[in-house]
Amino acid sequence: MLQYAGSLEGAELALGRNLTVAEKLWYAYSAEKSDYILYTHTCFFLFFVFSLVPLPWVLAELRWFDAMSKFKVQPRIRRSFPELLKCYNDVMTNFVLVVAPLILVSFPLLNWVGIRTSLPLPSKWEVISQLAVYFLVEDYANYWIHRFLHTKWGYQNIHYVHHQYSAPIGFAAPYAHWAEILILGIPTFLGPAMVPCHMLTLWLWSALRHAEAIETHSGYDFPWNPTKLIPFYGGAEYHDFHHFVGGQCQSNFASVFTYCDYIYGTDKGYGHRKQALAKVKEAVRKDSE
């Protein structure tokens, strides 16, 4: 809930300048809403991300498969509509029973670390720098949690659920055991806890992080994907190998970037497989000449 004597004029007087268009819109929307109500909007954002972001890959799977199969990492596996719908329903069940309640009860912690709703809005460079920190912090923490989940106990009791999709699809990104959802909420929140931000930045961070996870689990590796321009970005092909190998996999633990796998030597299996496939493709090319 915003202050400033309950008016735009009060806000401009407090800031000592005119409000930007974005700030006026934010003031108009949020001035009469409590911080808690604003925070609960996170549920709606995540619902739309989980529901809408995977749809392009769903269409590729159901409608355009003949044209898009050459970009699929595991082209022999094609999901049917009932399979996709079941995955989505399972994810939404977890969303209603685990994710949304977790968001609703975590507001005191959010308030304690200093997430703000007030004016001024953050500059674009503030948002970009905070998002960069959040991605790096989440990636590093997630890497070690992911390795724990691939211990015998962690996999047999928790992580096996997520690996039920050996050929992942976008809807399966948040498909996991309820305990894994709770555990992986820690690295997601760790960055904003270390570097508090505006509520709008928190919403953007939540949306981008889950959209990235959906792309990574999409099962499609498009050469025109702009994420290929991001240094050390893992992507669909990189993470698909992790799912393909399954519970015995001790490689490709990266959440977003690959630097942890490189530093700690957990990219070897994937590297050997890529080299072997490259040799096979080269042999096939020579035989066809």
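What is the volume of the largest cavity? In this predicted model, the largest cavity has a volume of about 60 Å³, and a search of the whole structure finds one cavity of 30 Å³ or more.

The lining of the largest cavity is made by Pro 54, Trp 57, Val 58, Glu 61, Leu 84, Ile 169, Gly 170, Phe 171, Ser 218 and Tyr 220. Helix α4, which covers residues 55–62, contributes three residues, and this is the largest share of that lining. The classes of the lining residues are set out below.

| Class of lining residue, largest cavity | Number of residues |
|---|---|
| Nonpolar | seven residues |
| Polar | two residues |
| Charged | one residue |

On the surface, Tyr 36, Ile 37, Leu 102, Leu 104, Val 105, Trp 178 and Leu 182 together make a nonpolar patch of about 620 Å². Three helices, namely α3 (35–52), α6 (81–105) and α10 (178–194), each supply at least two residues of this patch, and among the contributors α6 gives the most, with three residues.

Ile 37, one of the residues of the nonpolar patch, lies in helix α3. Is Ile 37 buried, partly exposed or exposed? Its relative accessible area is 39%, and Ile 37 is therefore partly exposed, because that term covers values between the limit for buried, under 20%, and the limit for exposed, over 50%.

Note on methods
Residues are numbered from 1 along each chain as its sequence is written. This is a predicted model: local features need pLDDT of at least 70, side-chain atom pairs count only at pLDDT 80 or more; totals for chains, interfaces and linings use all residues. Side-chain values use heavy atoms; hydrogens and water are left out. Patches are made of residues with over 30% relative accessible area and no salt bridge: like charges are joined within 9 Å, nonpolar side chains (Val, Leu, Ile, Met, Phe, Trp, Tyr) within 5 Å. Accessible areas come from the Shrake-Rupley method with a 1.4 Å probe; for residues, only the protein chains shown count as cover. A salt bridge is a side-chain nitrogen of Lys or Arg within 4 Å of a carboxyl oxygen of Asp or Glu. Helices (H or I, at least four residues) and strands (E, at least two) are DSSP runs, numbered from the N terminus. Buried means under 20% relative accessible area, exposed over 50%, partly exposed in between (1.4 Å probe, protein chains only). On a 1 Å grid over the protein atoms alone, a cavity is a set of points where a 1.4 Å probe fits but cannot get out, and a pocket is an open set with protein on both sides within 12 Å along at least five of seven lines; lining residues have an atom within 4 Å of a point. Grid points are joined across faces, edges and corners, and a volume is the space filled by probe spheres set on the points. Ala, Val, Leu, Ile, Met, Phe, Trp, Tyr, Cys and Pro count as nonpolar, Asp, Glu, Lys and Arg as charged, and the others, Gly among them, as polar.
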